[in-house]
Amino acid sequence: MFQIFGIGPLTWITFLPLLGMILILLIPSGKDERSKDVSKSLFRWVTIIFTFLQLLLAIWIYANYNYYLAGINDPNGFQFVDKFKWIYLYGLPLLGNVSVDYFVGIDGISAPMVLLTAIVCFVASFSSFSVTKALKGYFAMYLLLDAGMMGVFVALDFFLFYVFWELMLLPMYFLIGIWGGPRKEYAAIKFFLYTLFGSVFMLLVMIALFFAVGSFNMLDMMDPTKYNPNSILFGVDTTWRYIAFMALFVGFAIKIPSVPFHTWLPDAHVEAPTPISVILAGVLLKMGTYGLMRISWPMFPDAVKHFQWFIALVGVVSIVYGALCALGQHRVGKRDFKKLIAYSSVSHMGFVVLGMAALNTTGMEGAILQMFNHGTITSMLFMVVGVLYDRSHTRGLDDFGGMANKMPIYTGLMTISFMAAIGLPGLSGFVSEILVFLGAFQTYPTLTIISATGIVLGAAYMLWTLQKVFFGQVPDRWAGPWDPTHKKYKTDDLNLVELVALAPLALIIIYLGIHPNAMLGIMEKSVNHLIQFVNTGWWTMAAGL
Amino acid sequence: MIPIEQFLIELKKSIILFQPETALVVTFLVALIVDLIFRKSKNVSGIILLIGFIVTGILLCTAGNQNSVVFSKMLAVDPFAKFFKWVILISSFIVVLMSFLSKELYEKDRRLGEYFSLIAGMTFGMFLLAGASNLIMIYLAIETMSISSYILTGFTKEIKRASEASLKYVIFGAVSSGLMLYGISILFGLTGSLNLYDINYAIAHGKAEMFPLLISGIMIIAGIGYKISAVPFHFWTPDVYEGAPVTITALLSVASKAAGFAILIRFIKVAFFDHTSPVAGETWTLLSTIDWKYIIAILSVLTMTFGNLVAIWQTNVKRLLAYSSIAHAGYLLMGVVVMTDAGVAAILIYFVVYMFMNLGAFYVVMLFANKIGSEELDDYTGIGYRSPVLGVCMVLFLISLTGLPPTAGFIGKWYLFIAVLNSNYIWLAVVGVLNSVVSLFYYAKVIRNMFLRGVDQEHEPMAFSPMSIIMLLLLAIPTLVLGIWYGPILHWANKSVGLFLGN
């Protein structure tokens, strides 16, 4: 296997940002104006370089990925595995044996997420040019967040997973709380409390699973025959298993976020600076659905079956309610552009949940593809808002008009992202949504038909926004030289940095719209295996109990 | 009658095993005398103390893994006591180092000889308490510890809140000792012995009536409850913690609490457990008429919930940390509820972790107070930018107190929850984790004031001496490292759950 200094690529990709963080912490902030400017650009470029290296590694991993290995519960099916003993204590009769591994590896579920994280973090570091204050802290936190997210997607040991999961809370709290908007304190602590609330239940379930299996290895936890008969989680379809599943589900649903746990998201998005919104929507939300796929589905197939309809319902409610809320942004409240996109995220992540609840290959493939596509599309949407905000210092939907004339390149790129979000054929969003619908329809026809209204509503709020902001008359206040204090704003087109941030995402969106197999191929084997495992494989193993 | 030779052999053995405590007494006396001789120098008795503590540490190291009782079963010398002695010794050592850097103490031309020697006295009391296995010994040890701490609390006597705190502490302390003494007398009357092992024997053979036994047990536990500031015996804690010098607050919140837990566990386990039953060490068989586990579980839930909920409203960081330490006593009581060896081990692990993070938090409060002369939350606005090193370390201590990975606090909580879940107290674990979420809110309030507010102001940098930064790192590095690499602590705690349970 490919290694650098004896360390595998997944470890590198996870800990590279930490190296970058240490480097940034070592660079002094500078005393006079000139040296301050130098160190500011150093901070920016160190971040860009490290996220770029990370992206290169991710592309290398993608290119060398073996499509024929399934993963999920098969220890030999994981690729780029790094595994060594972290904390091993035997012969401790009182606490039981402790075995925590440093165990990372990827399969078809996590490989797209690793690539997505690398892309979004790289792109968002360009978008970070708009951040100006306390840059040292900003980029240090940014890279720490990056490491935490990457760790979640590669960890195969539950303990390690949990550490990474919690690791990214604190940087996120600071990133929203220091560099955010007017209500940043409220948004930051709300995010922190909500997520912690979810994850403490995950902690209890993790301890219960540890008692059942005797290690933190996720693959062992997927094997019902390895469960200790005295454990409360032993067996099939027991009450404790249902409770444990629901506790995990709440923890992940907060992160997705599914209605009714979604209220932190609009606040966090509205207050967060643009690049952090991008990361939040692009990567963080996927951790919730990824957790469901990696942990809840294969460890509790009985509970998944039992709650299948309920989970699908949660997905559908999120789709419709999120879309209605987004539409409502045109009529009520502050008519905030960013809030609209935030609610559209709730709606789009609902598709992922619905697709997963279908429990068939089509639905699951659609769900994973939707995670990837939502990551790229929504990242782009938030950057689009960010570009406007940098020029106008406002996000009110009614404050704009006729931007198409003033900023043609921008409008062109933005239209791609809008159309992809609506689900226009030929762009990536269409493929994943149609797969989700195809899959879900086989299982829950009525619910799927209801959820289709989400698409209609989506078209409504997106096109309405497009019309309001980009077409029609340019408001008077945009005329004249730039002067924010007197509400005169810039309308110049995209600069190079913004273009570098937006263009790659647009290319990915178009490419995956035409050639979705580039992503579907990588996940196919694993998804088949996961669905087969949840539907029959696990039950066969459990039958022998 | 014991023949005199045997008595002498026993005495000789006892004196050898009593060496660490003897060293502390010598330290105490030398510190006093040296202070009288070198009147001009303020630090000299503090340095004597450090040397004395190091000698004590060496003696503890060389004592080996004894498991016996000394001085006619007055004191137990066992791995459990040794563990707590280490925690007490290390935290006292750190507190003495902290004292050198405290501005509060060195103001007003105060004489510090008494201060330092009383810390030695208090440490001696806590050492005795860690091993006490006779009711009179327990009482005397608690008094030795308490009387020193009453004086230390009011050491900055011209500050009104300090003398108020001291007075309050004396009054509450006197009530609690009175209560405890009464309980002791009932227990003595019932069982005819002051020795925990004989009491256990008497109870096991049905020589004690249940009802008075209960009353006396509750009274003694209430007396200990004051020391560990469990609700509803916590009333003194916030005022005393706020009024006392920060160094003493830190000492009270860690070492004194550790000693309290040591004796609580020893008292319950040695006196009330049936050691002959097949599941030895895991049953509360001797007091089966009442569900003691349940009572302590309620106490634990009350303590942590009350501590956390009240801490939310605090505007003074010291007071906030005082309530947080009440909450932590609640978490620790979860381990007492379980009382299996796993539960005791979890408490031991938690104390090591708690020592670093709580001392660290108080230390940062002290350093800030040295510069800005205040412990109010509002005065902390933007302070993280004035001294990034202190700010970042404080964040580390606070998230560790919350119990988030990858800090040591997570490992502490983790093992407590493991012990609780292992005994199927699922509801207790759920209350515990929900409390962690609540606690995040007020810890984050401190972080918010330090970093989230006042970002745009001009920040006048704060400079700290290299000594104080090194000291800070000595506390911060274990807080981080033990979160990632906690094997050694686990190992140590596992070896140290053994109590001397009589022959």
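## A predicted two-chain model, from one residue outward

B:Ala258 sits in helix H12 (residues 246-272) of chain B. The model is predicted. B:Ala258 counts as buried because 28 C-beta neighbours lie inside 10 Å. Which residues does B:Ala258 touch, leaving aside its neighbours within four places in sequence? The contacts are B:Phe84, B:Val87, B:Ile88 and B:Phe351. Take B:Ile88 from that list. In sequence, B:Ala258 and B:Ile88 are 170 residues apart. In space, their C-alpha atoms are 7.1 Å apart.

### Two helix pairs

B:Ile88 belongs to another contact too. In helix H4 of chain B, B:Ile88 is one of the residues that meet H6(B). H4(B) covers residues 79-100, and H6(B) covers residues 113-131. Their axes come within 9 Å and cross at roughly 165°. The two helices are therefore roughly antiparallel. Their crossing is right-handed.

Who meets whom? On the H4(B) side are B:Ala81, B:Phe84, B:Lys85, B:Ile88, B:Leu89, B:Ser92, B:Val95 and B:Val96. On the H6(B) side are B:Phe116, B:Ile119, B:Thr123, B:Met126, B:Phe127, B:Ala130 and B:Gly131. By class, this contact has 11 nonpolar, 3 polar and 1 charged residues.

Chain A offers a pair as well. Helix H2 (residues 33-63) and helix H3 (residues 110-127) of chain A pack with axes 9 Å apart, at an angle of about 155°. H2(A) and H3(A) are therefore roughly antiparallel. Is their crossing left-handed or right-handed? The crossing of H2(A) and H3(A) is left-handed.

From H2(A), the residues in this contact include A:Thr47, A:Ile48, A:Phe52 and A:Leu55. From H3(A), they include A:Val114, A:Leu115, A:Ala118 and A:Phe122. The contact has 14 nonpolar and 4 polar residues, and no charged ones.

### A covered helix in chain A

How many of the 10 residues of helix H5 (residues 158-167) of chain A are buried? The count is 9, and the helix is mostly covered. Among the buried residues are A:Phe158, A:Tyr162, A:Trp165 and A:Glu166. The cover over them includes strand S2 (98-106), helix H4 (135-154) and helix H6 (169-179) of chain A. It also includes helix H7 (184-213) and helix H8 (218-221) of chain A.

### The chains as wholes

Now step back to the full chains.

| Chain | Helices and strands | Buried residues |
|---|---|---|
| Chain A | 20 helices, 2 strands | 59% of 545 residues |
| Chain B | 21 helices, 2 strands | 58% of 503 residues |

Chain B has a radius of gyration of 22 Å, close to the 23 Å that the globule rule gives for 503 residues, so chain B is as compact as a globular protein of that length. For chain A, the radius of gyration is 23 Å, which agrees with the value near 24 Å for a compact globule of 545 residues. The C-alpha atoms of chain A fill a box of roughly 75 × 60 × 40 Å along the principal axes. For chain B, the box is roughly 75 × 60 × 40 Å.

Contacts reach far along the sequence. In chain A, take contacts with a separation of 6 or more: 79% join residues 24 or more positions apart. In chain B, take contacts between residues at least 6 apart: 78% join residues at least 24 apart.

### Where the chains meet

The contact takes 29 residues from chain B and 32 residues from chain A. On the chain B side, helices H15 (341-372), H18 (408-422), H19 (426-452) and H21 (487-495) each supply at least two residues. Which helix gives the largest share of that side? H19(B) does, with 11 residues. By class, the chain B side divides into 22 nonpolar, 5 polar and 2 charged residues.

### Backbone exceptions

Most residues other than glycine have a negative phi, and most peptide bonds are trans. Some places here depart from that pattern.

A cis peptide bond joins A:Val259 and A:Pro260, with omega about 5°. A:Pro260 lies in the loop between helix H9 (239-255) and helix H10 (264-271) of chain A. In chain B, the bond from B:Pro405 to B:Pro406 is cis, with omega near 0°. B:Pro406 lies in the loop between helix H17 (388-402) and H18 of chain B.

Phi is positive at A:Leu359, near 55°. A:Leu359 counts as buried, with 23 C-beta neighbours inside 10 Å. B:Ser72 has a positive phi of about 50°. B:Ser72 is in the loop between strands S1 (68-70) and S2 (75-77) of chain B. With 13 C-beta neighbours inside 10 Å, B:Ser72 counts as partly exposed.

Notes: Residues numbered from 1 in each chain as written. Chains lettered and ligands numbered in written order. Predicted model: local features only at pLDDT ≥ 70, side-chain atom pairs only at ≥ 80, totals over all residues. Axes fitted to C-alpha atoms, helices over the stretch in contact; angles between N-to-C directions. Helix = DSSP H or I, 4+ residues; strand = E, 2+ residues; numbered from the N terminus. Parallel < 35°, antiparallel > 145°, perpendicular 65-115°, else oblique. Left-handed = near helix turned anticlockwise from the far one by under 90°. Contact = placed C-beta atoms within 7 Å. Nonpolar A, V, L, I, M, F, W, Y, C, P; charged D, E, K, R; others polar. Buried ≥ 20, exposed ≤ 12 C-beta atoms within 10 Å, placed from the backbone. Rg over C-alpha atoms; globule rule 2.2 N^0.38 Å.
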